[in-house]
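Reader: Please take a close look at one chain for me. Then set it against its partners. Keep the answer brisk.

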Amino acid sequence: MTALAVFGRGSRRSNRSIEGSPGAEIRLEHVSKRYPGTNSDAVSDLSLTIAAGELCVLVGPSGCGKTTTLRMINRLIGLDSGEIEIDGRSTRATTVTELRRGIGYVIQEGGLFPHMTVAGNIGTVPRLLGWSRSEVKSRVSELLELVGLDLTLAERYPAELSGGQKQRVGLARALAADPPLLLMDEPFNALDPVVREHLQDELLRLHRELAKTIVFVTHDVDEAIKMGNRIAILRQGGVLAQYDTPDSILARPANEFVQTFVGENRALRRLALRRLEEIELAKPTGAAKRLPEIAASASLREAVSRMIETKSEALTVVGENGETLGLVRLGDAMRMLG
Amino acid sequence: MTLAAISMHDFLDAFRFIGSNWNLLLDKAAQQLELAGAALGLAIVLVLPLGLVLGHLRRGSTLAIAASIAGRALPVLVLIAALLTVFGIGFVNNMIALAVLASGPILTNSYEGVARVEPRVVDAARASGMTGAGVLRQIELPLAIPLLATGVRIAAVTVVATAPIAAIAGGGGLGDIIVNQAGYGFDGVLGASLCAMALSLIAYGLLSALERAVTPVGLRRLAELEKGNRRQEAVSVTAIT
Amino acid sequence: MIVAAGAPAGPIVPNFGSGNRCVVENHTFCWSWVNAHWGDTLQPALSQHVELSAIAIGIGFVIAFTTGLLTYRRRWMSRPLEGFSALLYTIPSLALFQILVPFTGITTTTVEVALVAYTLVMLFPNIVAGLNSVPADALDVARAMGFTRRQTLLSVELPLALPTIVAGLRVAVVSTVSLATIAAFLLPKGLGYPIFLALKEPSPFRTEIYAAGALTVALALVADLLLVALRRFLVPWARRGAV
């Protein structure tokens with residue numbers, strides 16, 4: 001949190017605390033949209049509340065209106081009917097430009113301006129808001145550090161960066177003016193799996209640190225399950241199929257569509273959502289010494305996998321320094337699923 | 001008298017001249033087309049194969065692009081005059097000058113036409129055992145025809161439009177009348193100018209139609225789309241597409 | 001013969017009574033003649049040529065740029081304009097000059113109108129293409145970040161359109177310098193005039209032709225190089241990386 005700790009000064013970034021501005025609550029009420037010339041709704045009577053600081057994933061097959069919904073939040077697309085409120089204020093209450101300057105927007109490959117350096121790109125919104133040069137400069141360094149990029153990249157041009165680097169710059173740029181809300185439209189789509197996983201973890205880390213509200217669109221249900229605090233599954237025509245935590249969706253799919261969309265092996269995937277360090281472990285017995293070990297940071301699913309591997313119905317859970325924390329048994333795993 | 005009135009008067013005279021000197025104008029036009037045709041033919045024979053081969057080998061792209069730029073930078077008047085000092089007055093120097101002018105678009109477009117054939121297609125052809133020459137003849141050449149046709153069209157129209165200048169070096173054509181105000185009066189000059197303009201427009205129309213006809217329907221749509229995308233590079237390299 | 005109304009004491013084409021051997025025998029190139037007549041023939045022709053070209057390009061660019069800005073978003077407007085431009089370019093320059101004479105007489109204006117027309121024709125498609133070549137992603141993001149229309153245009157679209165526009169300018173500049181030689185058929189101005197006169201002699205004087213010709217080509221090349229330098233200055237991002 002060093003980067004943010006530096007940032008004490010106030011006036012321009014008025015409600016700035018050490019932790020950064022808090023996330024905003026988003027409320028969609030009966031939102032509908034039909035594109036002219038089509039005969040079905042892109043988004044149909046959608047109502048949704050996203051709590052402040054939550055990471056909400058909009059997921060669904062193509063044509064389900066997830067991107068349309070996202071873009072209605074910052075009015076890139078107009079609503080036909082319904083209301084969208086951010087922290088209680090309608091998105092129509094301010095001018096469009098004012099609204100958008102308070103919302104971060106990230107797309108594939110970052111959508112960077114090719115003609116500006118990395119520093120130039122990141123500083124775009126602050127400059128729009130009238131920050132001084134030195135303020136912009138220090139903010140840029142701060143953000144580069146925050147997203148895990150080397151400071152020497154500041155003077156490079158986007159064409160010289162890799163896909164993953166571009167995406168990080170895009171993220172930094174969206175965060176520059178410290179908006180309470182971040183909109184992300186399939187940002188990791190174009191990256192190869194390794195880089196993608198990295199960035200997903202980075203984003204999760206950032207979300208934990210900054211606690212901003214993030215609305216994240218993806219077509220990949222596994223990404224949704226990994227990233228979201230809550231997932232909104234949309235079906236064709238922008239109809240909400242289920243809106244719930246990943247665990248609940250896996251445990252109790254609301255209907256056949258969700259069931260098919262989410263796919264097979266739901267129980268195992270639920271297990272992957274829990275880590276051993278989060279659950280209650282059984283007391284270690286004398287026999288513990290002879291049981292195979294597993295790190296506390298592993299997921300329940302990895303534990304079950306190891307049990308099968310080692311043909312043992314119980315494992316010893318081991319902490320960071322090698323200390324025994326407890327036991328996990330196959331029965332426990334099954335009970336977890338409740 | 002208003003400007004419009006003066007102008008109309010001149011143009012009416014010009015049309016009268018055209019009406020009464022139809023045969024003369026047709027003769028001159030034919031002469032001009034002959035010169036243009038010869039120049040174009042020379043350029044095609046010399047430069048087209050070169051462009052195709054270079055494109056196939058995917059070498060010498062700087063040469064191909066430079067050819068277009070040089071064609072633009074070298075004023076035709078200078079070229080005609082310089083060649084006149086070597087070949088003397090008459091048909092040859094003009095033909096060569098115009099051929100040089102025509103070479104630019106032809107070289108560039110024949111090069112690009114072949115070089116831009118999708119590498120995958122070429123690979124597939126090679127992989128099935130075709131020789132280099134075979135690939136050029138059977139795969140690259142047919143696919144290059146749209147761009148080739150464009151290049152020939154540009155070259156042809158350029159040559160037809162530039163030919164009048166050759167009159168100053170004994171090249172004949174409608175230019176003969178245009179530069180000879182003493183002999184034909186201003187109505188003649190204006191009349192011949194209008195005819196030259198018409199001739200160019202007709203050539204443009206015909207060659208565009210020919211270009212379209214020669215492009216297979218399937219490639220036509222693709223070419224349209226690509227023209228849109230390629231415009232930014234194309235305009236600087238191949239004159240007006 | 002074109003009557004050059006009120007022609008100044010024009011370039012001196014030596015008659016064979018007065019020159020040194022090189023000139024008299026019409027060798028390939030006589031530096032002595034060039035030195036002797038730089039001031040009265042070549043240099044004025046050069047400055048006239050620069051003037052003619054510069055005015056044409058300046059005006060042409062302004063018109064093309066304004067029109068381009070106004071119409072690039074509306075393809076239904078720019079398409080026909082582009083088509084018209086292409087047609088205009090096919091008109092022989094000699095003919096165009098004469099066609100304009102009834103309207104503007106045998107003046108510099110006539111020449112400029114024609115040259116501006118040709119410049120326009122070359123610049124307009126490029127400017128439209130340049131403005132349309134801006135990546136849609138960048139525009140989308142600019143909008144999403146809260147740029148106003150004007151800010152988007154100034155900070156994103158124009159800078160990104162610059163490479164294409166400069167490319168078009170290079171073509172236009174080189175072509176205009178080249179075309180301006182034809183002005184000599186109408187007026188005793190520009191580097192085409194010495195050549196024009198030289199060709200009228202039964203035995204055209206080589207040095208004059210080559211000298212004027214070389215100057216024209218040099219002028220075109222210098223202008224091109226200047227624009228390349230300008231591009232490097234204005235477009236630093238194209239030098240590095242994949243673009």
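Author: Chain C has a mean pLDDT of 82, and 90% of its residues reach 70 or more. pLDDT is the predictor's confidence in each residue, from 0 to 100. This is a predicted model: local features need pLDDT of at least 70 and side-chain atom pairs count only at pLDDT 80 or more, while totals for chains, interfaces and linings use all residues. Residues are numbered from 1 along each chain as its sequence is written, and chains are lettered from A and ligands numbered from 1 in the order in which they are written.

Confidence varies along chain C. Its low point among the helices is α1 (residues 21-24) of chain C, with a mean of 72, and its high point is α6 (residues 136-144) of chain C, with 90. Helices (H or I, at least four residues) and strands (E, at least two) are DSSP runs, numbered from the N terminus. Over residues 1-8 of chain C, pLDDT stays under 50. For that stretch the model has 13 contacts beyond four places in sequence. Two residues are in contact if their C-beta atoms, placed from the backbone, lie within 7 Å. For the model, ipTM is 0.78 and pTM is 0.76.

Now α9(C). This helix has 29 residues. From first C-alpha to last, α9(C) reaches 42 Å, close to the expected 42 Å. The expected span is 1.5 Å times one less than the number of residues. Its buried residues include C:Arg206, C:Glu208, C:Tyr210, C:Thr216 and C:Ala223. Buried takes 20 or more other C-beta atoms within 10 Å of a residue's own; exposed takes 12 or fewer; partly exposed lies in between. The cover over the buried residues of α9(C) comes from two chains. From chain B it includes α3 (61-73) and α4 (76-87). From chain C it includes α2 (31-71), α7 and α8.

That leads to the partners. Two pairs of chains touch, and chains B and C share the most contacts. Here 44 residues of chain C meet 43 residues of chain B. On the chain C side, the elements giving two or more residues are α3 (75-89), α4 (93-104), α5 (108-132), α7 (149-179), α8 (192-200) and α9 (206-234). That side holds 29 nonpolar, 13 polar and two charged residues. Nonpolar covers Ala, Val, Leu, Ile, Met, Phe, Trp, Tyr, Cys and Pro; charged covers Asp, Glu, Lys and Arg; the others, Gly among them, are polar.

Chain A also touches chain C. That contact takes 18 residues from chain A and 17 from chain C. On the chain A side, α3 (96-101), β6 (103-107) and α5 (124-129) each supply at least two residues. The largest share, four residues, is from α3(A). By type, this side has nine nonpolar, five polar and four charged residues. Chains A and B share no contact, and their closest C-alpha atoms are 17 Å apart.

Chain A itself has 14 helices and 13 strands. Its C-alpha trace spans about 65 × 50 × 35 Å along the principal axes. Its radius of gyration, 22 Å, agrees with the value near 20 Å for a compact globule of 338 residues. Buried residues make up 40% of chain A. Of its contacts with a separation of 6 or more, 66% join residues 24 or more positions apart.

Note on methods
Rg over C-alpha atoms; globule rule 2.2 N^0.38 Å.
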